[in-house]
Amino acid sequence: MTQKALVVSVENDAILAARIQKEECASCSAGCGAKKSCFEVANPRNLAVKKGEAVLIGASKKMQALQGTVSLLLPVACAVAGYLLAAPLMALLGKTVTSDAKAVFVLLFLFLSSLAVFIVTRRFPVPGKPEIIEVLG
């Protein structure tokens, strides 16, 4: 996902930017409240960036790949674990396992994996800074 931002300051290696709320904000120099919520961005491509320029920012490719892998593999692994653990867990309860019980355990483990991903992503945000992809002018 990419988003437009306005470069607020360029000092040494630190580049601060603010998200552009509307198209009119890209050329505005009034200093509205949106510019107060600045964040630091990385410039891995060493693009020539000046204060006041509009840039296109996005997440790093490595972080996107990691998020995609985790978001696909964790639920699948949990669903398989739910299927495999259905029989032992039902045996602990003194019941026989049925295909309905296996389906319930698969869905339960899928829900638990979604809850775990939600909690972990809220507590530990994705490391790294957004990167400047392109200078818009």
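Is alanine 42 buried, partly exposed or exposed? The points below concern a predicted model and begin with that residue.

1. Alanine 42 has a relative accessibility of 23% and therefore counts as partly exposed, since buried would require under 20% and exposed over 50%. Alanine 42 sits in the loop between strand 3 and strand 4. Leaving aside residues up to four places away in sequence, alanine 42 touches Lys129, Pro130, Glu131 and Ile132. Alanine 42 also lies 7.0 Å from isoleucine 15, C-alpha to C-alpha, with their positions 27 residues apart in sequence.

2. Asparagine 46 belongs to the loop between strand 3 (39–41) and strand 4. Its phi is positive, about 50 degrees, although asparagine 46 is not a glycine. As a rule, most residues other than glycine have a negative phi. With a relative accessible area of 67%, asparagine 46 is exposed, because the cut-off for that class is over 50%.

3. Helix 1 covers residues 61–92, which is 32 residues. At 1.5 Å a residue the expected span is 46 Å, and the end C-alpha atoms are 45 Å apart, so the two values agree. Helix 1 nevertheless has a kink of about 45 degrees at leucine 85. The kink comes shortly before proline 88.

4. The buried residues of helix 1 are Cys78, Ala79, Gly82, Ala86 and Met90. These buried residues pack against helix 2, residues 99–123. After helix 1 comes glycine 94, with a positive phi near 80 degrees.

5. The largest pocket has a volume of about 420 Å³. Its lining consists of 18 residues, and Gly58, Ala59, Ser60, Lys129 and Pro130 are the ones nearest the centre. Strand 1 (2–11), strand 4 (54–58) and helix 1 are the elements that give two or more residues to this lining. Helix 1 gives the most, with 3 residues.

6. By residue class, the lining of the largest pocket holds 8 nonpolar, 7 polar and 3 charged residues. Two of the names near the pocket centre, Lys129 and Pro130, also appear among the contacts of alanine 42. Helix 1 likewise enters this note under more than one heading: it contributes to the pocket lining, and its buried residues pack against helix 2.

Conventions
Residues are numbered from 1 along each chain as its sequence is written. This is a predicted model: local features need pLDDT of at least 70, side-chain atom pairs count only at pLDDT 80 or more; totals for chains, interfaces and linings use all residues. Side-chain values use heavy atoms; hydrogens and water are left out. Helices (H or I, at least four residues) and strands (E, at least two) are DSSP runs, numbered from the N terminus. The expected span of a helix is 1.5 Å times one less than its number of residues. The bend at a residue is the angle between axes fitted to the seven residues ending there and the seven starting there. Buried means under 20% relative accessible area, exposed over 50%, partly exposed in between (1.4 Å probe, protein chains only). Contact means heavy atoms within 4.5 Å. On a 1 Å grid over the protein atoms alone, a cavity is a set of points where a 1.4 Å probe fits but cannot get out, and a pocket is an open set with protein on both sides within 12 Å along at least five of seven lines; lining residues have an atom within 4 Å of a point. Grid points are joined across faces, edges and corners, and a volume is the space filled by probe spheres set on the points. Ala, Val, Leu, Ile, Met, Phe, Trp, Tyr, Cys and Pro count as nonpolar, Asp, Glu, Lys and Arg as charged, and the others, Gly among them, as polar.
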